[in-house]
Amino acid sequence: MTARMQGMDTDEARQYARGMDSHAQGVAQMFGTLVTRVQGLGWEGSDYKSFCADMETCAPQVHAATASIEENAHAMRRQADAQDAVSS
């Protein structure tokens, strides 16, 4: 018969939290790279201005998404710490 675990596997939770942080940083880097590359295209005209305006519009959403992922990773670490404290 297999043993059943109650509670959180805190090591695994911390590993997932590190992954969440890494992915949040990756999204932020990717967006920054996109902005830099678009600015360096030498593109001119109304389509360029429209595209840049769209990027400016989505920038706060990208930042909010990365912040949310990081906050959830932090919450997971807090939960792991709490689980360790209760289990000790």
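## Report on a two-helix predicted model

Of the 88 residues in the protein, 18% are buried. The structure is a predicted model, and the values below are computed from it.

### Overall form

The secondary structure consists of 2 helices and 0 strands. The radius of gyration is 20 Å, well over the 12 Å that the globule rule gives for 88 residues, so the protein is more spread out than a compact globule. Along the principal axes, the C-alpha atoms fill a box of roughly 70 × 20 × 20 Å. Among contacts with a separation of 6 or more, 82% are made by residues 24 or more positions apart.

### Packing of the helices

Helix α1 covers residues 10-39 and helix α2 covers residues 46-87. Their axes come within 9 Å and cross at roughly 165°. Angles over 145 degrees count as roughly antiparallel, and α1 and α2 are therefore roughly antiparallel to each other. The crossing in which α1 passes α2 is left-handed. By class, the contact of α1 with α2 has 22 nonpolar residues, together with 6 polar and 7 charged residues.

### Individual residues

Arginine 14 lies in helix α1. Its relative accessibility is 19%, so arginine 14 counts as buried, the cut-off for that class being under 20%. Leaving aside neighbours within four places in sequence, arginine 14 is in contact with Arg77, Ala80, Asp81 and Asp84.

Glutamate 12 is also placed in helix α1. With a relative accessible area of 35%, glutamate 12 is partly exposed. Aspartate 9, by contrast, belongs to the segment before α1. Aspartate 9 has a relative accessibility of 34% and therefore counts as partly exposed.

Cysteine 52 is located in helix α2. At 18% relative accessibility, cysteine 52 counts as buried.

### Separations in sequence and in space

The table sets out three residue pairs, with distances taken from C-alpha to C-alpha.

| Residue pair | Separation in sequence | C-alpha to C-alpha distance |
|---|---|---|
| Aspartate 9 and aspartate 84 | 75 residues | 9.3 Å |
| Glutamate 12 and alanine 75 | 63 residues | 14 Å |
| Cysteine 52 and threonine 33 | 19 residues | 14 Å |

Aspartate 84 appears both in the table, where aspartate 9 is its partner, and among the residues in contact with arginine 14. Aspartate 9, in the segment before α1, is 9.3 Å from aspartate 84 in space, although their positions lie 75 residues apart in the numbering as a separation. For glutamate 12 in helix α1, the listed partner is alanine 75, at a C-alpha separation of 14 Å. Cysteine 52, a buried residue at 18% relative accessibility, is paired with threonine 33 at 14 Å.

Key:
Residues are numbered from 1 along each chain as its sequence is written. This is a predicted model: local features need pLDDT of at least 70, side-chain atom pairs count only at pLDDT 80 or more; totals for chains, interfaces and linings use all residues. Side-chain values use heavy atoms; hydrogens and water are left out. Axes are lines fitted to C-alpha atoms, for helices over the stretch in contact, and angles run from 0 to 180 degrees between N-to-C directions. Helices (H or I, at least four residues) and strands (E, at least two) are DSSP runs, numbered from the N terminus. Angles under 35 degrees count as roughly parallel, over 145 as roughly antiparallel, 65 to 115 as roughly perpendicular and the rest as oblique. A crossing is left-handed if the near helix is turned anticlockwise from the far one by less than a right angle, and right-handed if clockwise. Ala, Val, Leu, Ile, Met, Phe, Trp, Tyr, Cys and Pro count as nonpolar, Asp, Glu, Lys and Arg as charged, and the others, Gly among them, as polar. The radius of gyration is taken over C-alpha atoms; the globule rule is 2.2 Å times the number of residues to the power 0.38. Buried means under 20% relative accessible area, exposed over 50%, partly exposed in between (1.4 Å probe, protein chains only). Contact means heavy atoms within 4.5 Å.
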